[in-house]
Each structure stands twice: as structure tokens, then as C-alpha cells.
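Here are a few exercises to work through with the model open in your viewer. Try each one yourself before reading the solution.

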Amino acid sequence: VFPSLAQAQASVANEVYQELGQPSVFLFCPTEYCSSLCSPSPSQSCYLQTIGQELLPGIGVIWTGPKVVSQELSAVLLEEVEGVLQRRPVIWDNLYANDYDCRRVFLGPYMGRAPGLMTRLHGLLLNPNCELQANFIPIHTLGTWFQSELGSCALPDHAGMEPAAALGDSQGPREGSYSPQEALELALRDWVAEINQQALEPGR
């Protein structure tokens, strides 16, 4: 019925999206969801070109970066992906995922993401460790990174707010101020307080 896999996927996704009343959040994960799966590159992939052309504009497209588990995300790569998909991608961030090797647990700070990425994204999903308690630092430092990104996106002419006011926290991160090491130290301090609080609870 369809001349290519991409056209088949786009057609089915479009039909489901419309049948559901075009919801505000509707995500599509392409078969080529990272650069290493594209041939020869994201911008020259016939598959991604078709997805970008055929998929309705209200549908978000998931992207993991250069690889399935990407150590770094750059603005240059996201520009390339945005160009071929004709929309900003939703990053599916596997930085902390350990479902492929449960002998490993990732406890470091959120890092390797270039400053100013938020303006290139339609959204960001963090794929965490399988162990719930191990995700305190990943999620806490992601929050610090996100606040720093908000500070860099907020401009004085946006509703008359200065960047710090837009954050709602005068002590929050400033533009370009995200430091993985400082974020880690903040997270560790709060994690210790959380552990001590739980230790005081009855039955602990």
C-alpha cells in the first residue's frame, strides 16, 4: 500500500493523531531516532526527510542525539535535526539509563549538554536508572540545568521580567552559570537531608 516505511508510519501516526482530536502532546519515535542509525547522516536520510514532510506539524518527534546513549548534545546537531524534521525535536535522554546493563548505576550530575539547548528543543524526557532511589542526583541536577537554561532564555523584554525574576528565585542559576560540579554538590546536600529525614520516620 505504501511506497516506503516512513510513509506508512507517518500515515498511521497522522490518522491516530487526528482520531484522538489532535492532542497537545502526541509523540512519535522514528525508526531512525539518533544519528548513528541514520544513513548517511540525519540531514541526508531519505527516511527522516519523508517523516519531516509527511508527519503533521503538531506531532512531536523523539530524538536521542548522536547515539542511543549520547554523552554530548550540541546545538549544531539539533539544528540539523530540526531542519530535516521541520520541527524542534523532543530529546529522549538516555544519559542515565541502565536497563541495558543493570550492573551499572549512574549517579553523576547532568552534563554534556551545551548551554542554550532549550531554544532548540520541543521538550526533554529523561530515561532514568531502573533503581528509583538512584535517580535523586540525576533529577535534581537536571532541575538545576533547567533553571540555568530558563535564565538564559528569559530576556528583560519578556513580560517586563529580568531573568532572575522569570525564575522566581533570586538565588537561582544565572545565564551560562550551570556547573555540573556545583549542581552535584547541591544535589548531594539535599539528598543527605532527605536520607536523614527518612531515617527519622517511624518504621525506618
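## Exercise 1: a salt-bridge network

Glu79 has a relative accessible area of 40%, so it counts as partly exposed. Keep in mind that this is a predicted model.

**Task.** Work out which residues are linked with Glu79 in a network of salt bridges, and where the partners sit.

**Solution.**
- Step 1: Start from the side chain of Glu79, which meets that of Arg120 in a salt bridge, 3.0 Å from N to O.
- Step 2: Place the two residues. Glu79 belongs to helix α3 and Arg120 to the loop between β3 (90-93) and β4 (123-126), so this pair ties together parts 41 residues apart in sequence.
- Step 3: Check the cover on Arg120. Its relative accessible area is 26%, so Arg120 is partly exposed.
- Step 4: Look for another partner of Arg120. Glu82 forms a salt bridge with Arg120, with the closest N and O atoms 3.8 Å apart. Glu82 is in helix α3 and Arg120 in the loop between β3 and β4, so here the parts tied together are 38 residues apart in sequence.
- Step 5: Glu82, at 25% relative accessible area, is partly exposed.
- Step 6: Put it together: the network links Glu79, Glu82 and Arg120.

## Exercise 2: one more bridge

**Task.** Arg103 and Asp101 meet through their side chains in a salt bridge. Decide whether Arg103 is buried or exposed, then do the same for Asp101.

**Solution.**
- Step 1: The N to O distance is 3.1 Å, and the cut-off for a salt bridge is 4 Å.
- Step 2: Arg103 has 76% relative accessibility, so it counts as exposed.
- Step 3: Asp101 has 17% relative accessibility, so it counts as buried.
- Step 4: For the tally, the model has four salt bridges by this rule.

## Exercise 3: the sheet

**Task.** Find the strand order of the open sheet and say which strands stand at its edges.

**Solution.**
- Step 1: Take β1 and β2. They pair in the parallel sense over two bridges, and Leu27 has Gly60 in β2 as its bridge partner.
- Step 2: Move on to β2 and β3, which are also parallel and pair over two bridges. Here Trp63 is opposite Ile91 in β3.
- Step 3: Read off the order: four strands, β1-β2-β3-β4, with parallel pairing.
- Step 4: β1 and β4 are the edge strands; each has a single partner strand, so one side of each has no neighbour in the sheet.
- Step 5: Now look at the faces of β2. Side chains in a regular strand alternate between the two faces of the sheet. In β2, Gly60 and Ile62 are on one side and Val61 and Trp63 on the other, and all are buried, leaving both faces covered.

## Exercise 4: nonpolar residues, inside and out

**Task.** Which residues have the most contacts inside the largest nonpolar core, and which make a nonpolar surface patch?

**Solution.**
- Step 1: The largest nonpolar core holds 32 residues, and Ile51 and Leu55 have the most contacts inside it.
- Step 2: Ask which elements supply it. Those giving two or more residues are α1 (5-19), α2 (46-54), β2 (60-63), α3 (75-85) and α4 (136-153). With five residues, α3 gives the most.
- Step 3: Zoom in on Ile51. Setting aside neighbours within four places in sequence, Ile51 contacts Ala6, Gln9, Ala10, Phe28, Leu85 and Arg87.
- Step 4: Turn to the surface. Val12, Val16 and Leu20 make a nonpolar patch of about 260 Å².
- Step 5: Leu20 is in the loop between α1 and β1 (27-28). Its relative accessibility is 54%, so Leu20 counts as exposed.

Technical notes
Residues numbered from 1 in each chain as written. Predicted model: local features only at pLDDT ≥ 70, side-chain atom pairs only at ≥ 80, totals over all residues. Heavy atoms only, no water. Core = buried A, V, L, I, M, F, W, Y, C linked by side-chain atoms within 4.5 Å. Buried < 20%, exposed > 50% of the residue type's maximum accessible area, 1.4 Å probe, protein only. Contact = heavy atoms within 4.5 Å. Patch = residues over 30% accessible without salt bridge, like charges linked within 9 Å, V, L, I, M, F, W, Y side chains within 5 Å. Areas by Shrake-Rupley, 256 points an atom, 1.4 Å probe, with all protein chains shown as cover. Pairing = 2+ DSSP bridges.
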